[in-house]
Amino acid sequence: MKNDSLCLRLQSDSDDTFHTYNESNVLNCVLDFQKLAQYQMKLAQLMRNHMQFYNCLVLCDRAMFSMGKAMYVHRNQIIPLSISLSMNDLLRLIRTDAEPCLDMVLFMGTVHYLVSGEDEASRETMKPEEVDMLLNKTDHILKRLSRRIVAHPTEQYLSIFKEKPLN
């Protein structure tokens with residue numbers, strides 16, 4: 001069966017126009033961005049285990065922006081050739097009337113600021129416990145956002161942490 005992934009099409013087209021795709025193609029694109037976030041988080045966890053804390057931070061940032069791109073495609077039902085999201089864009093995508101989610105956006109903005117390199121001191125002072133909290137918070141945010149865009153539980157973002165069985 002042919003893989004209908006749109007990631008290659010997103011990167012290969014040269015003009016800056018929007019293409020019209022059917023609902024299935026839009027869903028595939030959303031799932032591709034979500035899967036990218038999943039891979040980035042798995043790699044972030046691996047970097048944490050190897051004490052590569054800054055790389056872990058970068059991958060958490062990229063995973064949150066990948067999920068933001070999935071939300072953009074889902075909300076607008078279009079597949080732009082490239083997606084560049086600002087923090088204001090993320091706020092508009094994440095915020096709902098029922099749930100302002102300012103904590104999520106603030107967390108995402110803080111991680112993005114730390115990754116931007118403007119705060120060199122934060123690289124040397126990261127502790128394993130802080131990185132663990134960062135991974136947990138990022139994982140939690142990705143699960144919450146995924147539930148908004150994908151209804152079926154088997155297609156949602158899966159936590160990188162083992163779920164504790166209920167006794």
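User: Contact means heavy atoms within 4.5 Å. On that footing, which residues does Arg75 touch, not counting residues up to four places away in sequence?

Analyst: Arg75 touches Arg92, Leu93 and Arg95. A note before we go on: this is a predicted model, where local features need pLDDT of at least 70, side-chain atom pairs count only at pLDDT 80 or more, and totals for chains, interfaces and linings use all residues. Residues are numbered from 1 along each chain as its sequence is written, and side-chain values use heavy atoms, with hydrogens and water left out.

User: Where is Arg75 found?

Analyst: Arg75 is in helix 3. Helices are DSSP runs of H or I with at least four residues, strands are runs of E with at least two, and both are numbered from the N terminus. The C-alpha atoms of Arg75 and Leu93 are separated by 7.9 Å. Along the chain, these two are 18 residues apart.

User: Is Arg75 buried or exposed?

Analyst: In between. Arg75 has 44% relative accessibility, so it counts as partly exposed. Buried means under 20% relative accessible area, exposed means over 50%, and partly exposed lies in between (1.4 Å probe, protein chains only).

User: Zooming out, how many helices and strands does the protein have?

Analyst: Seven helices and two strands. From the N terminus, the order is α-β-α-α-β-α-α-α-α. The protein has 167 residues, and 40% of them count as buried.

User: What do helix 2 and helix 3 do relative to each other?

Analyst: The axes of helix 2 (residues 23-49) and helix 3 (residues 53-76) come within 8 Å and cross at roughly 170 degrees. That makes the two helices roughly antiparallel. Angles over 145 degrees count as roughly antiparallel, under 35 as roughly parallel, 65 to 115 as roughly perpendicular, and the rest as oblique. Axes are lines fitted to C-alpha atoms, for helices over the stretch in contact, and angles run from 0 to 180 degrees between N-to-C directions.

User: Which residues touch the most other members of the largest nonpolar core?

Analyst: Met41, Cys56, Met67, Val73 and Ile94, in a core of 45 residues. Helix 2, helix 3, helix 4 (87-94), helix 5 (102-115) and helix 7 (128-149) each give two or more residues to this core. Helix 3 gives the largest share, 12 residues. A nonpolar core is a set of buried Ala, Val, Leu, Ile, Met, Phe, Trp, Tyr and Cys residues joined through side-chain atoms within 4.5 Å.

User: What is Ile94 in contact with, leaving aside neighbours within four places in sequence?

Analyst: The contacts of Ile94 include Met71, Met104, Met108 and Leu145. Glu99 and Arg148 are also among them.

User: Back to helix 3. Is Asp61 buried or exposed?

Analyst: Buried, because Asp61 has 1% relative accessibility. Asp61 sits in helix 3. Leaving aside neighbours within four places in sequence, Asp61 is in contact with Met108, Val111, His112 and Val115.

User: And Val58, buried or exposed?

Analyst: Neither. Val58 is partly exposed, at 23% relative accessible area. Val58 is in helix 3 too, and its C-alpha atom is separated from that of Leu114 by 8.7 Å.

User: New topic: backbone. What is phi for Met51?

Analyst: About 60 degrees, a positive value although Met51 is not a glycine. Most residues other than glycine have a negative phi. Met51 is in the loop between helix 2 and helix 3.

User: Where is Gln77 found?

Analyst: In the loop between helix 3 and strand 2 (79-80). Gln77 has a positive phi near 55 degrees.
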